[in-house]
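Good morning, and thank you for making time for this. I should like to take you through one structure, element by element.

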Amino acid sequence: MRLSKSYVPTLKEVPAEAEVVSHRLLLRAGFIRKLTAGIYTYLPLGLKTLNKVADIVREEMDRAGAQEILMPMVQPGDLWRETGRWDFYGKELLRLRDRHDREYCLGPTHEEVVTDLVRGEVRSYRQLPLNLYQIQTKFRDEIRPRFGLMRGREFVMKDAYSFDRDEAGADASYRAMYDAYKAIFRRLGLEFRPVEADTGSIGGSFSHEFMVLADTGEDTIAVCQACDYAANLEKAEVVAPVDKCNCGGDCGPAVAIPTPGMHTVEEVCAYLEIEPDTLVKTLLFDVDGAPVAGLVRGDRELNEIKLKNHLHATEVKLATPEQVVAWTNAPVGFAGPVGLQGGLKGVRIIADRELDFDCGWVVGANKADQHLKSVDLRRDAVIEAYTDLRNITAGDKCPRCGGAIELRRGIEVGHVFKLGLKYSQAMNAVFLDENGKEQVMVMGCYGIGVSRIVASAIEQNLDADGIKFPPSIAPFEVALLSLGGKEPEVIEAADKLYAELIGQGIEVLYDDRDERPGVKFKDADLMGMPMQLVLGGKGLKNGIIEAKDRRTGEKRELKLASFAGEFADWRRSVRQGWGLGID
């Protein structure tokens, strides 16, 4: 493609609206333009990259045995009512009415639609297993769309849905999709990790997220340095301590101590001259309308998802200051477990299991400006359960092998769920087994954020000058820069080289504009094609063309007389640097 005849409106200035680097670069490099909040138009370069990601996803899904369909984006509200998600999904679901006053929504996901399709067609076990997928535009009415393609309201997604006879079949389908996802991300040329994850609003019993590792990622993941274990913070398991405290079960009696105006862990510890790991935080929550206290050590963070899952709750909200006063008779900052459970209060207390292995704690006294010291929770409080309730931290032991955990930043670009019977049972998606008996189909759900991958690839691969696209998803594999101005010899040689590369099946963005060399160099780095070829008057006289690997910045000279062979060798080495072969 000749750049002189292309719609690639690059920008010199950083757009004020862009909050993350991928958003800035996609706008500056002329890949996208904003229509309205969270909704973007893909320009030619952006669409080429988006389609390349989609093609790789499509090829691996087909190879894994899934079949492509295309479902409507507009979905009847009645289907969502069958599963109870019409009300549960919340305001992210954009609802509308047609001229007959029937309710619809713009699909953020398609579990209901695909289950309705299959229940109307599949009757026998002989028709299973079945895996259907689509690559389609979705819409979620994010309260605060941000970060460009990372968290928009309209986005492109691949979603697949498997239907099986039993759990064993569902496990096989899950594994097939898990392996297909690994193949997809390897082909994309991205550094990634599959991590154990919570199932969230989709529901189900088991799931993995696929994370592209990037320092700018908004998610924190726990990664073992010795084995393949990885999990997001919501799911990461914390290994309980091995030894109990050696106090012999007698930490002395609990004693009230004044802590005037000391509301936070930091204030209490500084005032009492103690370390945060000797204090217990008592966090109060409204759990499905009932009061619950969660206890963690003062230097730990309570994981609300773990609390929610332990209680099998639908909704967990941090208590309001008014609720804290009503439940404890004290302002925020002085809640404690002693005397909180039972009596008129009736607050359930769930403690992190780390607290079961020590005593002598400092806790809130449920009185303004007072704490208690020398507290033994087993003796002084009524704890309903000790369980894994805190966020994992760097240096904790791996729950699989005992190795050290490190925390990495990542961007979620894919998610695989083992749904079980959640949707098929609610919507009566059944089949007849070998004995003519009716059975409920076991489902799985597998999503990939196609447009999000474009942004994630940039977040992982960039420098101060612009994008470094992996060859497999770059709009063009080669940027050819002609620096001869209007010199006919240079123009002729560059045109010939362009035609030669095209003839080899290489995708080339040919910068034939009448622009200064500095402008061409800056635009080439900004747009991020993995290989740059630069031909100028001096090089032509010497019979060479300069080649630059955008990923490493390494430059070399290729001889024009033996260009085909030398370019093929160089191209192979560039792709190998990305962990890719020659297609």
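Helices, of type H or I and at least four residues long, and strands, of type E and at least two residues long, are DSSP runs numbered from the N terminus. Please keep in mind throughout that this is a predicted model.

I begin with a single residue, Asn232, which belongs to strand 12, residues 230-232. Is Asn232 buried or exposed? With a relative accessible area of 6%, Asn232 is buried, because buried means under 20%. Its side chain and that of Glu209 are joined by a polar contact of 3.1 Å. Leaving aside residues up to four places away in sequence, Asn232 touches Val195, Glu196, Ala197, Asp198, Glu209, Thr220 and Ile221. Glu209 thus appears both as the polar partner and in the list of touching residues.

Let me turn to the cysteines. How many disulfides does the model contain? The count is zero. For Cys224, the nearest cysteine sulfur belongs to Cys401 and is 3.5 Å away. A disulfide requires sulfur atoms within 2.5 Å, and Cys224 is in no disulfide. Cys224 is buried, its relative accessible area being 4%. Cys227 is likewise in no disulfide, and the nearest cysteine sulfur to it, that of Cys224, lies 3.6 Å away. Cys227 is partly exposed, with a relative accessible area of 24%.

Next, the first of two sheets that I wish to show. This open sheet has five strands in the order 16-14-15-17-20, and its pairing is mixed. Its edge strands are strand 16, residues 316-318, and strand 20, residues 385-387, each of which pairs on one side only. On average, and with direction ignored, neighbouring strands here are turned by 35° against each other.

Strand 14, residues 280-287, runs antiparallel to strand 16, and three bridges join the two. Within this pairing, Phe285 has Leu318 of strand 16 as its bridge partner. Helix 9, residues 321-328, packs on the sheet and touches strand 14 and strand 15, its direction making about 110° with that of strand 14. Helix 8, residues 304-311, lies across strand 14, strand 15, strand 16, strand 17 and strand 20. The angle between helix 8 and strand 17 is about 125°.

The second sheet is also open, with five strands in the order 28-27-29-30-31 and mixed pairing. Why is one side of strand 28 and of strand 31 left without a neighbour in the sheet? Strand 28, residues 508-511, and strand 31, residues 555-559, stand at the edges, and each has a single partner strand, so one side of each has no neighbour there. Neighbouring strands of this sheet are turned by 25° on average, direction ignored.

Strand 30, residues 544-549, is antiparallel to strand 31, to which five bridges join it. Lys548 stands opposite Lys555 of strand 31. Helix 14, residues 517-527, lies across strand 27, strand 28, strand 29 and strand 30, at about 175° to strand 27. Helix 16, residues 563-577, lies across strand 27, strand 29, strand 30 and strand 31, at about 155° to strand 31.

I close with a pair of helices. The axes of helix 1, residues 21-28, and helix 12, residues 450-460, come within 8 Å and cross at roughly 105°. Helix 1 and helix 12 are therefore roughly perpendicular, since that term covers 65 to 115 degrees. At the contact, Val21, Ser22, Leu25 and Leu26 of helix 1 meet Val454, Ala455, Ile458 and Glu459 of helix 12.

Key:
Residues are numbered from 1 along each chain as its sequence is written. This is a predicted model: local features need pLDDT of at least 70, side-chain atom pairs count only at pLDDT 80 or more; totals for chains, interfaces and linings use all residues. Side-chain values use heavy atoms; hydrogens and water are left out. Two strands pair if DSSP finds at least two bridges between them. Axes are lines fitted to C-alpha atoms, for helices over the stretch in contact, and angles run from 0 to 180 degrees between N-to-C directions. Contact means heavy atoms within 4.5 Å. Buried means under 20% relative accessible area, exposed over 50%, partly exposed in between (1.4 Å probe, protein chains only). A polar contact is a pair of N or O atoms within 3.5 Å; within protein, one must be able to donate a hydrogen and the other to accept it, and residues adjacent in sequence count only if both atoms are side-chain atoms. Angles under 35 degrees count as roughly parallel, over 145 as roughly antiparallel, 65 to 115 as roughly perpendicular and the rest as oblique.
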